[in-house]
Amino acid sequence: MSSNKPIYVTSPLLPDMPDLLADIESIFLRKMLSNNGPCLLQLKQELQRFLNLKNLALLNNGTSALYASLLALNAEPGSEIITTPFSFVATAHAITAAGLKPIFVDIDPDTYNIDANAVALAITEKTAAIMPVHVFGNPCDLKGFEALSQAEDIPLIYDAAHGFGVEMDGNSLLQFGDMSILSMHATKVYNTIEGGAISINSVGYQKDIDCFINFGIVDALPKYFGMNLKMSELHAVVGLHNLKKVEEEIKNRKKISDRYLEKLNQIPGFKFQLIAPHVKYNFSYFPIQFTNNLKGRRDHFINVLNEKNIFPRKYFSPLLSDLEMYAVDQSLTQARNVSENILCLPIYSELCFSDVDKISELLIHTAQVLEDV
Ligand SMILES: Cc1ncc(COP(=O)(O)O)c(C=O)c1O
């Protein structure tokens, strides 16, 4: 049943309270609240099983995971990391925090990801790593990046912040690259409220990451530079409970996504992200791009929805390459076009079909009105 409550772009997956509270009580009785406690170790094991990964480090958030993975490169200060301008700001900020420089390349207009050919052209002797983002959980050209990384002997770190549960030909998206990082923030398909992870796929990085996450301590002594990037027991226990519900969440999101597509797919001027057919997707976002005669009219659609208490988000706008601190004199035409015309519509398990229909009808009606003007 549709109601007049505000509808936001997402709503967090939450554990069942009585079960969670009982486990929180156990944590408090144990009095071990952080530092590799039993909940964290169990979560690590269960996530590795669920995502079919061998080696997962758990951290306090996805930005820390990016930062730690970049520090583990031990690159010369000022080295370059090739990435996308069409991402959340954390991608570029983590590069800066690690003393490195983001180099932006343009995106593919259909998948919204950077491609290996564009990256190849941007490689210089200063390149320390390639860091593509699987935008909205849509897998990048994994084979292309793997080949490029090997041919150029440059490490590959995927920002897979949105990629929980996504599979490519039966393989977890996080298995790819030397490292892949995940965000488990409350806004993601699967969350630990705040949380992040690194799938360490090339064993060489393991020791450095364990060390950076925990103040640079080795054998109980602070030996190297490090930070406190640990996940607490309370976050881990939320993760354990949410893991029981995430498959259902993804299943329900698929139904919402199918319903939007059923209503909107054939409408001229509406374009949707291209996801390859052999991808098992997680439906983490539902982006719609305004094209042709609807290009440049995004704010009009937002105003119409906001008036009805519906709050989609301009992900990702502005481009990272347009922020004052990263401003570069590059055209990045495709990224700019997508960034200026994209809107992520509400999608989450509890969103009811009547609300999806209402949102779709408002969009269709607005498109018709704009057409007639
Ligand atoms: C592409 C991308 N990378 C990194 C992050 C950072 O993750 P976190 O919010 O867990 O720090 C986000 C967060 O939304 C993101 O969208």
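**Salt bridges and a ligand site**

Author: There are 10 salt bridges in the structure. It's a predicted model, with local features needing pLDDT of at least 70 and side-chain atom pairs pLDDT 80 or more, while totals for chains, interfaces and linings use all residues. Numbering starts from 1 along each chain as its sequence is written, and side-chain values use heavy atoms, leaving out hydrogens and water.

Reader: What makes D16 and K245 a salt bridge?

Author: The term asks for a side-chain nitrogen of Lys or Arg within 4 Å of a carboxyl oxygen of Asp or Glu. The closest N and O atoms of D16 and K245 are 3.1 Å apart, so the pair qualifies. D16 sits in the loop between β1 (7–8) and α1 (17–30), and K245 in the loop between α8 (233–243) and α9 (246–264), so the bridge ties together parts 229 residues apart in sequence. Helices here are DSSP runs of H or I with at least four residues, strands are E runs with at least two, and both are numbered from the N terminus.

Reader: On to the ligand. Which residues are closest to it?

Author: T63, D159, H162, S183 and K188, out of 16 that surround the ligand. To be counted, a residue needs a heavy atom within 4 Å of the ligand.

Reader: Why is the K188 approach called a polar contact?

Author: A polar contact is a pair of N or O atoms within 3.5 Å (within protein, one must be able to donate a hydrogen and the other to accept it, and residues adjacent in sequence count only if both atoms are side-chain atoms). A polar side-chain atom of K188 is 2.6 Å from a ligand oxygen, so that one passes. H162 puts a polar side-chain atom 2.7 Å from an oxygen of the ligand, and an N or O atom in the D159 side chain is 2.8 Å from a ligand nitrogen. The protein covers 92% of the 380 Å² of accessible area the ligand has on its own (Shrake-Rupley method, 1.4 Å probe).

Reader: What makes up the shell around the ligand, by class?

Author: 5 nonpolar, 9 polar and 2 charged residues. Nonpolar means Ala, Val, Leu, Ile, Met, Phe, Trp, Tyr, Cys or Pro, charged means Asp, Glu, Lys or Arg, and the others, Gly among them, are polar.

Reader: Which element gives the largest share of that shell?

Author: That's α3, with 3 residues. Both α3 (62–71) and α4 (89–97) supply at least two.

Reader: What is unusual to look at in the backbone at N74?

Author: Its phi is near 50 degrees, positive in a residue other than glycine. N74 is in the loop between α3 and β3 (80–83).
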